[in-house]
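Pull up a chair and let's go through this model together, one feature at a time. The learner asks, the teacher answers.

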Amino acid sequence: MAQESSSINELIDQLGRLPGIGRKSAERLAYHLLRVSKGEALALSEAIRNVRENVRYCSECFNLSEGPLCSICTDLSRDTSLLCIVEQPRDLMAMEQAGVFRGLYHVLLGRIAPLDGIGPDQLTIDELVERVRKGNFSEIIMATNPTVEGDGSALYITNQLADFPVQVSRLARGITTGSVLEHTNREILADAMSGRQRMH
Ligand SMILES: [Zn+2]
């Protein structure tokens, strides 16, 4: 097999591993990258390299960050008495884009999913409990997704926080059960935040 075709096959294989990209799309993207200017194609590979080398998890909240602490944890204008718990950095981003919350966050980096073999110890729950122990939060807001696993995670965490003198609430059910936070529009998210209900 010629050198060129094995390079192309390698690219198609790599692209095809991306979520939502089937073999046909991978081929189309690979041939697209061969047609555009070399600079444009290499800008993509450079962007991937940069994000993997420079972006890490915030040591405080586990949001994505280019430094030890993320832009939210270092923002002095945030309300440090409120802590919002989300599953993924993209959920945090959805909340921020909706502009409905001005407190701090804690990203779990997943949800408890026994069927997938994901237990509490694989998430950032220990770090969360430690933050609540040390911090002066007056309210913890559960914004896990309204799915069986998201609800189970919120309940587990509420129990872990039961001994702390802090109010725990969760987003109101404006969000349709099963829908994912990141796809929820701003109005629904704002309603869910303002109508949040006390869990503990
Ligand atoms: Zn942070």
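## Reading the model

Q: Where does UniProt place the feature "zinc finger region: C4-type"?

A: UniProt, in an unreviewed entry, puts it at residues 58–73. UniProt positions follow the numbering used here, feature names are shortened, and annotations may be inferred rather than shown by experiment. In the model, the end C-alpha atoms of residues 58–73 lie 8 Å apart, and the span is 0% helix and 12% strand.

Q: Before going on, what are the ground rules?

A: This is a predicted model: local features need pLDDT of at least 70, side-chain atom pairs count only at pLDDT 80 or more, and totals for chains, interfaces and linings use all residues. Residues are numbered from 1 along each chain as its sequence is written.

Q: How many helices and strands are there in the protein chain?

A: Helices (H or I, at least four residues) and strands (E, at least two) are DSSP runs, numbered from the N terminus. The protein chain has seven of each, and from the N terminus on they run α-α-α-β-β-β-α-β-α-β-α-β-α-β. Along its principal axes, the C-alpha trace spans about 70 × 35 × 35 Å.

Q: Which domains does the assignment give?

A: Domain bounds come from an automatic or database domain assignment. Here we get domain 1 (3–54) and domain 2 (72–198), with 35 Å between their centres, taken over C-alpha atoms.

Q: What is the order of the strands in the open sheet?

A: The general idea is that strands of a sheet pair through backbone hydrogen bonds, either parallel or antiparallel. The working rule is that two strands pair if DSSP finds at least two bridges between them. In this model, an open sheet of five strands has the order β4-β3-β5-β6-β7, with mixed pairing. β4 and β7 (197–198) stand at the edges with a single partner strand each, so one side of each is left without a neighbour in the sheet.

Q: Which pairings are parallel, and which antiparallel?

A: β3 (residues 79–86) and β4 pair in the parallel sense over five bridges; there, D79 has G103 as its bridge partner, and I85 stands opposite H106. β5 and β6 also run parallel, joined by four bridges, with E139 opposite Q167. β6 and β7, on the other hand, pair in the antiparallel sense over two bridges, where R170 stands opposite Q197.

Q: Is β4 buried or exposed? What counts as either?

A: Call a residue buried if 20 or more other C-beta atoms lie within 10 Å of its own, exposed if 12 or fewer, and partly exposed in between, with C-beta atoms placed from the backbone. Four of the five residues of β4 (residues 103–107) are buried, so this strand is largely enclosed by the rest of the structure. For the opposite case, take D126 in helix α5: D126 is exposed, with 11 other C-beta atoms within 10 Å. Across the protein chain, buried residues make up 25% of the 200 residues.

Q: Which way do the side chains of β6 point?

A: In a regular strand the side chains alternate between the two faces of the sheet. Along β6 (residues 167–170), V168 and R170 point to one face and are buried, while Q167 and S169 point to the other and are not.

Q: Which elements make a right-handed β-α-β unit?

A: A crossover is right-handed if, with the strands pointing away from the viewer, the path from the first strand over the helix to the second runs clockwise. β3, helix α4 (residues 89–98) and β4 make one such unit; β5, α6 and β6 make another.

Q: What do the buried residues of α4 pack against?

A: Contact here means C-beta atoms, placed from the backbone, within 7 Å. The buried residues of α4 are P89, D91, L92, A94 and M95, and they pack against β2 (64–65), β3, β4 and α7 (186–194). After α4 comes G99, whose phi is positive, near 65 degrees.

Q: Which residues of the largest nonpolar core touch the most other members?

A: A nonpolar core is a set of buried Ala, Val, Leu, Ile, Met, Phe, Trp, Tyr and Cys residues joined through C-beta atoms within 7 Å. Of the 34 residues in the largest one, C84, I85, V86, M95, I140, M142 and A143 touch the most other members. The largest share of this core, four residues, comes from β3. Not counting residues up to four places away in sequence, C84 touches M95, F101, G103, Y105, I141 and A143.

Note on methods. Contact = placed C-beta atoms within 7 Å.
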